[in-house]
Amino acid sequence: MHRSTAYFLAIVAAVAFGGCGYKPAGSVAPAGAAGAGGMGGASGTGGTGGAAGAGTGDTGGMRMTPVIMLDGGNDLAGNSTPDANCGARSKTAMKVAPDILIVLDRSGSMNDDISNQMCRPDGGGGGGQGCGAQSKWALMIPAITQVVSETDVDVNWGLKFFPDSNASTCNVNTTAAVPVAPGNGAAITAAIMAATSANGGVMGFNGTPTRSAAAGATTYMSTLTDMSPKFILLATDGLPTCAGDGGAGADDSAAAVSAIGAAHTAGFPTFVVGIATGGTGTADTTLSSMATAGGLPRAATPAYYPVTNATELAAAIKTLIGAAGTCTFQIGPNPTDDGSTSLDRINVFGDQEEITLDPTHANGYDYTDATKTSIEVHGPLCAQIMSGEIKNVMVTFRCLVT
């Protein structure tokens, strides 16, 4: 199975050890040790040196003062500079992966076929037995499990179903069936298969409580404390229901759009995928409105991502992965705690070309927050990193010598 190559951030720390940075320019042997019988001879020329090697004796028995050269610390302009003599300590850190929570519709209509027709076991129309291996659920879930398994190194995946159970089809809890974490491919596959019936359809429930699902996902995502950027992937096959006291069949479109907008405002953009929605009518309009409110609309009509087969669904998910990809790198903590390095005294390089600090985020790097334990590259330089044109990003900690 192919896995995408994760970006690595090489962090080279120039570390001060003892006399770090001192480079004696002209040390000589102490007086009386320049050479046997050569103590301040009349001509000023000492005898042949012993273990210290041959050399010129001290003039008049006087000892020369060494000249101290600083390769690091502060230059004459007061700028902190790297010190080649400080030694080196290095570590690597993986590029920060996005957190993506899949919010997956398991309503009863996912048991219909791709044309939204119900099936009988004998293949005829009508009835409520579901379409089994020809259901939307059976046709779509292989794409989800495959893409998640192939990218679980690059993405921290999580999974949430809606509805949660048949006991309360219009309410969705605030937990996840599979909590967001790295390496979740197998866990998500197992959870989806556990929700799959023997004939290949979904063990689904009535109602499509999209509003409650978006609100529950927002609450759950708010509990995550890692530094990763966070996204919601909503995959649904139809119109939101469960409005007010109207029950499982009441249209809840406006409230669903509002809930997805609230998720975006809270910092969780939502990517909307419509599974076999037909591309027309009220459902199409509502899903487009949800996509726009979620902050990740498609640059086409409709604004959501319509899919009718596994190939299209896989392509849509990969589009989200590309949109969620970041140029964020973890750099902290700084490699020493003795004051010889600092998180705010660094140089950043992309393939050995310096990337400058740019708080305007036009084309350079900046710290992601006040802790200064991670940086993000912005602008065209980020595009070069994402495309692979820039293959290596390095951060060098300056050796601070006072």
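This text walks through the structure, from the whole chain to its cores, one helix, a small sheet and some loops.

The model is predicted: local features need pLDDT of at least 70, side-chain atom pairs count only at pLDDT 80 or more, and totals for chains, interfaces and linings use all residues. Residues are numbered from 1 along each chain as its sequence is written, and side-chain values use heavy atoms, with hydrogens and water left out.

Start with the whole chain. It has 7 helices and 18 strands. Helices (H or I, at least four residues) and strands (E, at least two) are DSSP runs, numbered from the N terminus. Of the 402 residues, 47% count as buried. Buried means under 20% relative accessible area, exposed over 50%, and partly exposed in between, with a 1.4 Å probe and protein chains only. Contact means heavy atoms within 4.5 Å. Among contacts between residues at least 6 apart in sequence, 73% join residues at least 24 apart.

Now go inside. In soluble globular proteins, nonpolar side chains tend to be buried together. A nonpolar core here is a set of buried Ala, Val, Leu, Ile, Met, Phe, Trp, Tyr and Cys residues joined through side-chain atoms within 4.5 Å. The largest such core has 38 residues. Leu-104, Trp-137, Trp-157, Leu-159, Ile-192, Leu-233 and Val-273 touch the most other members. Several elements each supply at least two residues of this core. Among them are strand E7 (99-105), helix H1 (136-151), strand E8 (156-162) and helix H2 (185-194). Strand E12 (305-307) and helix H6 (310-324) also belong to that list, as do E10 and E11.

Which residues does Leu-233 contact, leaving aside its neighbours within four places in sequence? They include Ile-100, Leu-101, Ile-102 and Val-103. Trp-157, Phe-271, Val-273, Ile-317 and Leu-320 are in contact with Leu-233 too. A second, separate core of 25 residues includes Val-172, Tyr-220, Met-221 and Ala-303.

Next, look at helix H4. It runs over residues 253-265. The expected span of a helix is 1.5 Å times one less than its number of residues. For the 13 residues of H4 that gives 18 Å, and the end C-alpha atoms are 19 Å apart, which agrees. An α-helix has 3.6 residues a turn, so residues three or four places apart point the same way. In H4, Ser-253, Ala-256, Ala-259, Ile-260, Gly-261 and Ala-263 are buried. The buried residues of H4 pack against helix H3 (210-221), strand E10 (230-236), strand E11 (270-275) and helix H5 (281-294). After H4 comes Gly-267, whose phi is positive, near 105 degrees.

Then find the open sheet of 3 strands, in the order E13-E17-E16, with antiparallel pairing. Two strands pair if DSSP finds at least two bridges between them. E13 and strand E16 (365-367) stand at the edges, each with a single partner strand, so one side of each is left without a neighbour in the sheet. E16 and strand E17 (residues 374-377) pair in the antiparallel sense over 3 bridges. Tyr-365 stands opposite Val-377 in E17.

The loop between strand E13 (328-330) and strand E14 (346-350) holds Thr-341. Thr-341 counts as buried, because its relative accessibility is 5%. Its side chain makes a polar contact with the side chain of Thr-336, at 2.6 Å. A polar contact is a pair of N or O atoms within 3.5 Å; within protein, one must be able to donate a hydrogen and the other to accept it, and residues adjacent in sequence count only if both atoms are side-chain atoms. Pro-333 is found in the loop between E13 and E14 as well. The peptide bond from Gly-332 to Pro-333 is cis, with omega near -5 degrees.

Another cis peptide bond joins Phe-162 and Pro-163, with omega about -5 degrees. Pro-163 sits in the loop between E8 and strand E9 (178-181).

Two loop residues other than glycine have a positive phi: Asn-116, near 65 degrees, and Cys-242, near 75 degrees. Are they buried or exposed, or in between? Asn-116, in the loop between E7 and H1, counts as partly exposed at 32% relative accessibility. Cys-242, in the loop between E10 and H4, is buried, with a relative accessible area of 3%.

Met-118 also lies in the loop between E7 and H1. Met-118 is partly exposed, with a relative accessible area of 40%. Met-118 and Gly-130 are 12 residues apart in sequence and 6.0 Å apart in space, C-alpha to C-alpha.
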